[in-house]
Amino acid sequence: MTGTEHSSAAARVQTRIEVSDPKIMVNLLGPKDEILKLIERTVVSDVHVRGNEITVTGSPADNATAERLFSELIELIEKGETLTVDAVRRTAAMLAQNISERPADVLTLNILSRRGRTIRPKTFGQKRYVDAIDANTIVFGIGPAGTGKTYLAMAKAVQSLQAKQVNRIILTRPAVEAGERLGFLPGTLNEKIDPYLRPLYDALHDMLEPDSIPRLMQAGTIEVAPLAYMRGRTLNDAFIILDEAQNTTPEQMKMFLTRLGFSSKIVVTGDVTQVDLPNSTVSGLQVVRQILDGVEDVHFAELSSNDVVRHRLVSEIVDAYARYDADQQATQSVHAVPGRAASGGRPGRRR
């Protein structure tokens with residue numbers, strides 16, 4: 001319940017929010033008032049709590065923002081969530097985007113739970129990505145590091161397996177760096193390719209009981225293999241994930257996508273700014289959108305720095321690199337010599 005009245009300052013008003021349930025108020029304050037202190041630092045309006053009433057003082061627009069933040073946080077608590085500093089920060093960040101979707105709906109969408117830990121989207125972009133996986137047969141998750149592209153796809157794969165929507169999970173990555181140096185690595189072929197597949201194993205261990213993974217892999221229910229192993233196969237009743245797809249060639253991408261069989265789903269993830277292919281090789285992920293644009297049941301989900309769920313600095317690093325790349329391209333355009341052959345200059349460095 002809220003009410004608004006004018007304060008002594010002409011441009012400032014007071015908005016009162018009544019919280020009827022004492023348990024909600026306790027959660028809203030947090031241990032040693034840490035949640036309340038974070039809210040006070042986050043909103044522009046002044047926040048004062050007395051008993052079961054929260055008073056917000058500021059301009060009408062600032063008060064409306066603060067009131068909406070409190071409304072979303074109360075909704076989270078009413079849905080059974082215990083507020084954390086991270087949840088408050090993510091809720092405020094989503095509200096700042098002025099999107100009609102509710103942060104509380106995003107932060108309570110459970111995908112998978114194990115040992116009290118729940119995997120769920122944490123941003124609007126991540127929720128749309130997850131929804132797209134549900135709605136489409138082939139989904140491309142494209143975005144920078146830390147946006148949860150692979151992790152959420154893995155969670156959806158495990159969820160589909162547990163719900164018996166598919167009979168197996170197939171996880172694959174291109175072992176690009178191994179192209180010339182694989183023979184120099186010690187051990188058997190499986191030991192040589194293991195470092196390229198290790199991130200997929202790590203994600204599996206977060207989502208399944210560790211002692212069940214070897215059994216599932218031995219039975220063929222879960223398969224983790226390099227992309228080259230996919231050639232010549234038809235994959236039915238499977239949830240198939242291609243990770244690090246920016247390191248595929250257009251031919252490899254075509255080969256992979258045409259492995260799709262009946263009752264299967266494909267998720268392709270990658271970051272087009274982190275291509276490790278040789279300079280003269282075009283990334284299959286960079287051209288596939290042009291090729292498949294408009295094809296029904298194929299969806300391209302774009303994630304951005306707003307969807308980074310690692311340390312807050314990761315988002316800032318992604319944006320800083322994007323600005324640097326844009327400046328470099330602008331500088332190269334200014335200094336380009338008209339009529340000069342594209343192959344005549346020094347080859348550009350590819351990250």
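**Close-up 1. Helix H6 lies across four strands of the predicted model**. H6 spans residues 124-135. The strands beneath this title are S7, S10 (238-242), S11 (265-270) and S12. Relative to S11, H6 runs at about 150°.

**Close-up 2. Helix H11 lies across S7, S8, S10 and S11**. H11 covers residues 250-257. Strand S8 is formed by residues 168-173. The angle of H11 to S11 is about 155°.

**Close-up 3. Six strands form an open sheet with parallel pairing**. The strand order reads S9-S8-S10-S11-S7-S12. S9 (222-226) and S12 (298-302) stand at the edges. Each edge strand has a single partner strand, so one of its sides is left without a neighbour in the sheet. On average, neighbouring strands are turned by 15° against each other, direction ignored.

**Close-up 4. Strand S7 pairs with edge strand S12**. S7 comprises residues 138-142. The two strands run parallel and are joined by 5 bridges. One residue to pick out is Val139: its bridge partner in S12 is His299.

**Close-up 5. Helices H1 and H3 cross at roughly 115°**. H1 holds residues 22-29, and H3 holds residues 60-78. Their axes come within 10 Å. The crossing is right-handed. From H1, the contact takes in Ile24, Asn27 and Leu28. From H3, Phe70, Leu73, Ile74, Ile77 and Glu78 meet them. By residue class, this contact divides into 6 nonpolar, 1 polar and 1 charged.

Definitions and conventions. Residues are numbered from 1 along each chain as its sequence is written. This is a predicted model: local features need pLDDT of at least 70, side-chain atom pairs count only at pLDDT 80 or more; totals for chains, interfaces and linings use all residues. Side-chain values use heavy atoms; hydrogens and water are left out. Axes are lines fitted to C-alpha atoms, for helices over the stretch in contact, and angles run from 0 to 180 degrees between N-to-C directions. A crossing is left-handed if the near helix is turned anticlockwise from the far one by less than a right angle, and right-handed if clockwise. Contact means heavy atoms within 4.5 Å. Ala, Val, Leu, Ile, Met, Phe, Trp, Tyr, Cys and Pro count as nonpolar, Asp, Glu, Lys and Arg as charged, and the others, Gly among them, as polar. Two strands pair if DSSP finds at least two bridges between them.
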